Amino acid sequence: MDSKNMVSEAEKILKMLDDLHESNPSEYKAFIEKTLAEGRSEMKLPEFRFSIHADDYSSKKKVYINICAFDPVPAPKRDVDPISVYGGNSIQENSATIEYLGINPKVLDEIGDDKPLKKMLVKLAIDYYNDTKKYKLSYNCGLSHKTK
């Protein structure tokens, strides 16, 4: 879409909002409040929960995977559905790589400190990075509740 079309579309939207404001102020207010709430939720930064530190056999470096609660990642609809994740940008340091993995906060809250569930989540995170980044991460890894 070129800039003239974008301006035209924006003007149409503003006109519709002006009309709604004049014809139904309470509906306009509800629409604006809902839109702002959705925007705040989508703009919320990931919240650190814990870190996995594993050896990468291919590079001989340490890889830290910071597990974060991230609202835009959808929660599974049913218990049998897979857990969705969002891989953030990597940070390279001399002796290590730092990764960020976003997971829906409700999923992380359900897992809590349940050791078998947390072990499955760690395996999910390692499998994700072994598949997407072609690491060869060890499943024999440590956990920390401090950021790296």
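Y128, Y129 and Y135 form one aromatic cluster. The model is a predicted one, in which local features need pLDDT of at least 70 and side-chain atom pairs count only at pLDDT 80 or more, while totals for chains, interfaces and linings use all residues. Residues are numbered from 1 along each chain as its sequence is written, and side-chain values use heavy atoms, with hydrogens and water left out.

A search of the whole structure gives three aromatic pairs; rings of Phe, Tyr and Trp (its six-membered ring) pair if their centres lie within 6.5 Å, and planes under 30 degrees apart count as stacked, over 60 as edge-to-face and the rest as tilted. Y128 and Y129 are an edge-to-face pair, because their ring centres are 4.9 Å apart and their planes stand at 85°. The rings of Y129 and Y135 have centres 6.5 Å apart and planes at 45°, so this pair is tilted. As for accessibility, buried means under 20% relative accessible area, exposed over 50%, and partly exposed in between (1.4 Å probe, protein chains only). On that scale Y129 is buried at 1%, Y135 is buried at 12%, and Y128 is partly exposed at 25%.

Another aromatic ring has a charged partner: K118 lies over the face of F50, at 4.5 Å from the ring centre. A charge sits over a ring if NZ of Lys or CZ of Arg is within 6 Å of the ring centre and within 35 degrees of the ring normal.

We turn next to the interior. A nonpolar core is a set of buried Ala, Val, Leu, Ile, Met, Phe, Trp, Tyr and Cys residues joined through side-chain atoms within 4.5 Å. The largest such core holds 19 residues, and those touching the most other members are I52, I65, I67, L101, I103, L121 and L137. Two or more residues each come from β1 (47–56), β2 (61–69), β5 (96–103), α3 and α4, where helices (H or I, at least four residues) and strands (E, at least two) are DSSP runs numbered from the N terminus. Helix α4 provides the largest share of this core, five residues.

Open space is the next topic. On a 1 Å grid over the protein atoms alone, a pocket is an open set of points where a 1.4 Å probe fits, with protein on both sides within 12 Å along at least five of seven lines; lining residues have an atom within 4 Å of a point. Grid points are joined across faces, edges and corners, and a volume is the space filled by probe spheres set on the points. The largest pocket encloses about 430 Å³. Its lining has 15 residues, of which P76, D79, I83, V107 and E110 are the closest to the centre. Both α3 (105–111) and α4 (115–132) supply at least two residues of this lining.

The second largest pocket has a volume of about 200 Å³. Its lining residues include K115, K118, Y139 and L143. The elements giving two or more residues to this lining are α4 and β6 (142–144), and α4 gives the most, with five.

Two lysines in loops complete the picture. K60, in the loop between β1 and β2, has a positive phi of about 65° although it is not a glycine, and is exposed at 70% relative accessible area. K134, in the loop between α4 and β6, likewise is not a glycine yet has a positive phi, of about 60°; its relative accessibility of 61% makes K134 exposed.
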